[in-house]
Amino acid sequence: MKLVPLGDRVVLKQLVAEEVTSSGIILATQNKEKPQQAEVVAVGPGGMVDGKEVKMEVKAGDQVIFSKYAGTEVKLDNEEYIIVKQSDILAIVE
């Protein structure tokens, strides 16, 4: 199966949080928050959304930072994804 976002929606796959610091300290996994950094998996077509023209500025493969409480979590084929509006993406990591 494949997720195809509509309008100004973007499908993200969250990056795995580091479990060992650069100095070698192992972090406990249970009380950690998920990182707000993700990879773009799919991008909607943009177009007219709520009466406004929306141009999609991200593309599949981009690494992005998104808002902490944004989006809807979806599980498909044992993979977890987050579907967000493009406006919930704060930055592209280059």
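The following conversation walks through a predicted model of a protein chain, moving from its sheet to its core, its charged pairs and its loops.

Biologist: In what order do the six strands of the open sheet stand?

Modeller: Strands of a sheet pair through backbone hydrogen bonds, either parallel or antiparallel. In this predicted model the pairing is antiparallel, and the twist averages 40 degrees from one strand to the next. Read across the open sheet, the order of the strands is S6-S7-S1-S2-S5-S8.

Biologist: Which are the edge strands of that sheet?

Modeller: An edge strand is recognised here by the fact that it pairs on one side only. That description fits the two strands which stand at the ends of the order S6-S7-S1-S2-S5-S8. The edge strands are therefore strand S6, residues 72-76, and strand S8, residues 89-93.

Biologist: How many bridges join S1 to strand S2?

Modeller: Strand S1 has S7 on one side and S2 on the other in the sheet order, and with S7 it pairs in the antiparallel sense over four bridges, Val-11 standing opposite Ile-83. Towards strand S2, which covers residues 37-43, the two strands again run antiparallel, with Val-10 opposite Val-43 and Lys-13 opposite Glu-39. The number of bridges that join S1 to S2 is five.

Biologist: Which elements give two or more residues to the largest nonpolar core?

Modeller: In soluble globular proteins, nonpolar side chains tend to be buried together. The largest nonpolar core of this model has 14 residues, and those touching the most other members are Val-10, Leu-12, Val-40, Val-58, Val-64, Val-84 and Ile-89. The elements that give two or more residues to this core are S1, S2, strand S5 (63-66) and S7.

Biologist: Which residues is Ile-89 in contact with, leaving aside its neighbours within four places in sequence?

Modeller: Ile-89 belongs to the group of core residues that touch the most other members, and its number falls within strand S8, residues 89-93. Leaving aside neighbours within four places in sequence, the residues in contact with Ile-89 are Val-10, Val-58, Val-64, Ile-65, Phe-66 and Val-84.

Biologist: Which residue forms a salt bridge with Lys-13?

Modeller: Side chains of opposite charge can pair when their charged atoms come close. For Lys-13 the closest N and O atoms of the pair are 2.6 Å apart, and the link joins distant parts of the chain, from strand S1 (residues 9-14) to strand S7 (residues 79-85), across 66 residues. Lys-13 counts as partly exposed at 31% relative accessibility, and its partner likewise counts as partly exposed at 32%. That partner is Glu-79.

Biologist: In the salt bridge of Asp-62 and Lys-59, is Asp-62 buried or exposed?

Modeller: The side chains of Asp-62 and Lys-59 meet with 3.1 Å from N to O, and Lys-59 is exposed, with a relative accessible area of 54%. For Asp-62 the relative accessibility is 11%, and because buried means under 20% relative accessible area, Asp-62 counts as buried.

Biologist: How many salt bridges does the structure hold?

Modeller: Besides the pairs of Lys-13 with Glu-79 and Asp-62 with Lys-59, the side chains of Arg-9 and Asp-8 meet in a salt bridge at 3.3 Å from N to O. In that pair Arg-9 is partly exposed, with a relative accessible area of 34%, whereas Asp-8 counts as buried at 8%. The number of salt bridges in the structure is three.

Biologist: Which backbone nitrogen does the side chain of Gln-86 reach?

Modeller: Gln-86 has its place in the loop between S7 and S8, and this residue is buried, with a relative accessible area of 12%. Not counting residues up to four places away in sequence, Gln-86 touches Asp-8, Val-10, Val-54, Lys-55, Met-56, Glu-57 and Val-58. At 2.6 Å, the backbone nitrogen reached by its side chain is that of Glu-57.

Biologist: What is the phi of Asn-78, which is not a glycine?

Modeller: Asn-78 is in the loop between S6 and S7 and is exposed, with a relative accessible area of 71%. Asp-77, found in the loop between S6 and S7, has a positive phi near 55 degrees and counts as exposed at 52% relative accessibility. For Asn-78 the phi is positive too, at about 60 degrees.

Technical notes:
Residues numbered from 1 in each chain as written. Predicted model: local features only at pLDDT ≥ 70, side-chain atom pairs only at ≥ 80, totals over all residues. Heavy atoms only, no water. Salt bridge = Lys/Arg side-chain N within 4 Å of Asp/Glu carboxyl O. Buried < 20%, exposed > 50% of the residue type's maximum accessible area, 1.4 Å probe, protein only. Axes fitted to C-alpha atoms, helices over the stretch in contact; angles between N-to-C directions. Core = buried A, V, L, I, M, F, W, Y, C linked by side-chain atoms within 4.5 Å. Contact = heavy atoms within 4.5 Å. Polar contact = N/O pair within 3.5 Å; in protein donor to acceptor, adjacent residues only side chain to side chain.
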